[in-house]
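Hello,

I am passing a structure on to you, and I thought a short tour might help you find your way around. Please open it next to this email and follow along.

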Amino acid sequence: MADRLTMQDPRGQYPKPPFGEQPQPVPGLARDMSPRPDHGEESYRGSGKLAGRRALVTGGDSGIGRAAAIAFAREGADVAIGYLPAEEADASEVIALIGAEGRVAAALPGDVSVEAFARDLPRLAAEALGGLDVLVINAGHQQSRDALANVTSAEFDETMKVNLYALFWTTQAALPLMPPGSSIITTSSVQAYDPSASLIHYATTKAGMVAYTKALAQQTLKLGIRANVVAPGPFWTALQSSGGQPPEKVDTFGSGSAYGRPGQPVEIAPAYVLLASQEGSYMNGEVLAVTGGSGSVA
Ligand code: NAD
Ligand code: MG
């Protein structure tokens with residue numbers, strides 16, 4: 001039977017627009033999207049690449065983080081996920097999927113724009129899993145604004161807090177807990193290199209994440225720890241339908257790609273597995289782009 005790994009033309013492998021406008025309030029739920037994104041629930045097959053690892057994935061309830069969390073569990077890791085309390089319905093599905101692999105699953109709801117919680121997350125994960133070897137900083141805030149005049153200070157602040165401050169707070173708190181061989185992975189974006197006018201504030205944070213991770217990597221390697229960036233192109237997630245794009249652009253999301261479609265979260269999960277596992281041993285301070293060819297990464 002054909003499955004995700006059967007050789008095929010990738011352009012036709014997953015749904016194409018139109019998708020309808022389907023607006024949701026922030027932060028949005030994957031379970032309310034149509035079509036439902038493929039996070040690997042049925043389709044990701046593991047092969048022991050992360051046996052016995054202990055991973056924390058922020059924003060692991062939905063989208064790219066959920067795909068990474070499912071893949072990590074299928075590869076043999078115990079996994080803690082961070083998410084906002086409003087996302088409990090999505091998160092509980094991920095917790096069940098991790099548990100179904102016979103792995104330990106830890107649910108860590110809370111707001112990473114609050115310093116105390118962002119700093120506490122690594123300790124909470126390490127307590128639940130018995131240690132911490134993989135840290136994925138993936139929670140993100142993205143709201144499109146048609147003009148600079150419509151970016152309020154509060155919105156600018158929220159974007160900085162979730163995308164940049166939490167990166168600083170959580171990695172700083174995590175490092176002392178992580179043994180040599182550990183891996184830190186941040187989720188940036190093609191927006192770091194090819195910013196959209198309407199995402200001026202968001203793109204700024206995603207460029208900052210690249211610089212931060214490249215500098216961090218030089219420090220962590222002295223501890224035997226690698227740090228790398230994943231830079232996604234357009235992926236079909238609740239971030240987009242909850243205001244990351246204007247509704248009419250959600251309808252046509254991914255049509256600008258040479259694939260004529262957005263990526264599905266499961267299509268980026270292997271990048272996280274590679275960077276998390278010892279197979280990525282010579283990768284440090286790198287930016288791994290998974291964009292469908294739609295964005296250049298300098
Ligand atoms: P998503 O909405 O499914 O995931 C983002 C998650 O961030 C949410 O599920 C939520 O749990 C978390 N989050 C947001 N604000 C938070 C807060 N204050 N406290 C705690 N958690 C919070 O969408 P996604 O597209 O999978 O996003 C994951 C990452 O990928 C983000 O960093 C995003 O910037 C990045 N990204 C996405 C795309 C895309 O096209 N979808 C492209 C490039 C980069
Ligand atoms: Mg979510």
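**What I found around the ligands**

Let us begin with ligand 1: one of its oxygen atoms lies 2.8 Å from a backbone N or O atom of Asn 138. The protein covers 97% of the 810 Å² of accessible area that ligand 1 has on its own. Please keep in mind throughout that this is a predicted model.

Two further backbone contacts are worth finding on your screen. A nitrogen atom of ligand 1 sits 2.9 Å from a backbone N or O atom of Val 112. At Gly 63, a polar backbone atom is 3.4 Å from an oxygen atom of ligand 1.

How many residues surround ligand 1? There are 28, and the closest are Ser 62, Ile 64, Glu 87, Tyr 202 and Thr 237. Sorted by class, the shell holds 12 nonpolar, 12 polar and 4 charged residues. Three helices each supply at least two residues of this shell: α1 (63–74), α5 (200–220) and α6 (238–244).

Next, look at the magnesium ion, which is ligand 2. Which residues are its protein donors? They are Asp 61 (OD), Ser 62 (OG) and Glu 87 (OE), and they lie 2.1 to 2.2 Å from the ion. Along the chain, these donors follow the spacing D-S-x24-E. You will have met two of the names already, since Ser 62 and Glu 87 are also among the closest residues to ligand 1.

Are Asp 61 and Ser 62 buried or exposed? Asp 61 is buried because its relative accessible area is 2%, under the cut-off of 20%. Ser 62 has a relative accessibility of 14%, so this residue counts as buried too.

**Two strands side by side**

Now turn to strand β5, residues 183–187, where 5 of the 5 residues are buried. In a regular strand, the side chains alternate between the two faces of the sheet. In β5, both faces are covered. Ser 183, Ile 185 and Thr 187 are buried on one side, and Ile 184 and Thr 186 are buried on the other.

Which way does β5 pair with strand β4 (residues 134–137), parallel or antiparallel? The two pair in the parallel sense, over 4 bridges. To see where they meet, find Ile 137, which stands opposite Thr 186 in β5.

**Some details before β1**

The segment before β1 (54–58) has a few backbone features to look for, and Pro 18 is in that segment. A cis peptide bond joins Pro 17 and Pro 18, with omega at about 10°. Pro 27 lies in the segment before β1 as well, and a cis peptide bond with an omega of about 5° joins Val 26 to Pro 27.

Gln 22 is also placed in the segment before β1. This residue has a positive phi of about 35° although it is not a glycine. Gln 22 counts as buried because its relative accessibility is 19%, and the cut-off is under 20%.

**One last stop**

Finally, find Leu 167 in helix α4, residues 153–174. Its relative accessibility is 0%, so Leu 167 counts as buried. Leu 167 and Ser 113 are 54 residues apart in sequence, and their C-alpha atoms are 9.8 Å apart in space.

Enjoy exploring, and write back with any questions.

Best wishes

Terms used
Residues numbered from 1 in each chain as written. Chains lettered and ligands numbered in written order. Predicted model: local features only at pLDDT ≥ 70, side-chain atom pairs only at ≥ 80, totals over all residues. Heavy atoms only, no water. Near = heavy atom within 4 Å. Polar contact = N/O pair within 3.5 Å; in protein donor to acceptor, adjacent residues only side chain to side chain. Areas by Shrake-Rupley, 256 points an atom, 1.4 Å probe, with all protein chains shown as cover. Nonpolar A, V, L, I, M, F, W, Y, C, P; charged D, E, K, R; others polar. Donors = N, O, S within 2.8 Å, 3.2 Å for Na, K, Ca; no water. Buried < 20%, exposed > 50% of the residue type's maximum accessible area, 1.4 Å probe, protein only. Pairing = 2+ DSSP bridges.
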